[in-house]
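Before any setup work begins, it helps to read the model from the metal site outwards. The report below follows that order.

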Amino acid sequence: MIDFHCHLDLYQSPPAVADESQRRGVGLLSITTTPSAWSGTARLAEGRSAIRTAIGLHPQLAGQRKHELALFDRYLANTPFVGEVGLDGSPECRPFWGDQLEVFDHVLQACSAGDEKVISIHSRRAAKDVLDQLDRYDRIKTPILHWFSGSRSQLERAVGRGCWFSVGPAMLAGAKGRDLVADMPNDKVLLETDGPFAQVRRQGLNPWDITAALGPIAELWGVTVHEAQQRIEANERALLTPVPGALRRPAT
Ligand code: MN
């Protein structure tokens, strides 16, 4: 199984977390928040076949790091994975909304230009705006909405757009998150932790904690934990197989 949204570089000891994930056979998509973090983070994937690195510019940093878009463009060719990108409509991020739009638009445009990219997208309090942007770039076939927290109708719109959804133990801890997961098509659901930020019972999640999501998901789907795991592993293959370079470790 694969943790599709994990900030490996931000753990206290990234190599230890990387080794333990590798040992447990848990794959992880190592998400960066700035292009300048790419080189150091991609190095953590060297020699570890279960780790892939994504190039990102987090919407919460769009105001401060917009100047790193040139670096984003340079590293984009190294990987079929992009994230964390998106929009954040929280009050503290509203002052640089214009920068967020500029960065996300740039990213989507760059991702539309070449080989297919798998994009892990943040949409907190901005689901409508994220979907509006995605509608403008129909060449993007593999958007993953990470920790989706929009409305029921926005979820329907995202499903209609062909979005995937990465969900994790923290999202499943709340009733709203569980209701949304229940409404997601089973064949579009992936797992994530959003570690080390996301916590359950005040413990930061490790990549292998994705397994804690299987029980609640199985319950929502009315299947056994084993069946839920098989469904999700089939989803992972369906997502990754058609993406050029996704199953090959990217150059660093
Ligand atoms: Mn994140």
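## Metal site and chain overview

In sequence, the donor residues of the manganese ion follow the spacing H-x1-H-x76-E-x109-D. The structure is a predicted model, and in it the ion is coordinated by H5 and H7, each through NE2, together with E84 through OE and D194 through OD, at 2.2 to 2.3 Å. Of these donors, H5 is buried, and H7 is buried as well.

Turning to the chain as a whole, the protein is built from eleven helices and ten strands. Its C-alpha atoms fill a box of roughly 45 × 45 × 35 Å when the principal axes are used as the frame. The radius of gyration is 17 Å, which agrees with the value near 18 Å that a compact globule of 252 residues would have. Of the contacts with a separation of 6 or more, 71% join residues that are 24 or more positions apart.

The overall values for the protein chain are collected here.

| Property of the protein chain | Value |
|---|---|
| Share of the 252 residues that count as buried | 54% |
| Accessible surface | about 10,700 Å² |
| Part of the accessible surface belonging to carbon and sulfur atoms | 48% |
| Positive side chains | 28 |
| Negative side chains | 30 |
| Distance between the centres of the two charge sets | 2 Å |

Two residues in helices may serve as local examples. Is N235, in helix α11, buried or exposed? N235 lies in helix α11, which spans residues 225–240, and N235 counts as buried because its relative accessible area is 0%, where the cut-off for burial is under 20%. When the neighbours within four places in sequence are left aside, N235 is in contact with W164 and L190, and also with the residues N186, D187, K188 and V189.

A182, by contrast in topic, belongs to helix α9, which covers residues 175–183. Its relative accessibility is 38%, so A182 counts as partly exposed, a class that lies between the limits of 20% and 50%. The C-alpha atom of A182 is separated by 10.0 Å from that of P216, a residue 34 positions apart from A182 along the chain.

How values were computed. Residues are numbered from 1 along each chain as its sequence is written. This is a predicted model: local features need pLDDT of at least 70, side-chain atom pairs count only at pLDDT 80 or more; totals for chains, interfaces and linings use all residues. Side-chain values use heavy atoms; hydrogens and water are left out. Helices (H or I, at least four residues) and strands (E, at least two) are DSSP runs, numbered from the N terminus. Buried means under 20% relative accessible area, exposed over 50%, partly exposed in between (1.4 Å probe, protein chains only). Contact means heavy atoms within 4.5 Å. Donors are N, O and S atoms within 2.8 Å of the metal (3.2 Å for Na, K and Ca); water is not among the atoms, so sites may look incomplete. The radius of gyration is taken over C-alpha atoms; the globule rule is 2.2 Å times the number of residues to the power 0.38. Accessible areas come from the Shrake-Rupley method with a 1.4 Å probe; for residues, only the protein chains shown count as cover. Lys and Arg count as positive and Asp and Glu as negative; His and the chain ends are not counted. The place of a charge is taken as NZ of Lys, CZ of Arg, CG of Asp or CD of Glu.
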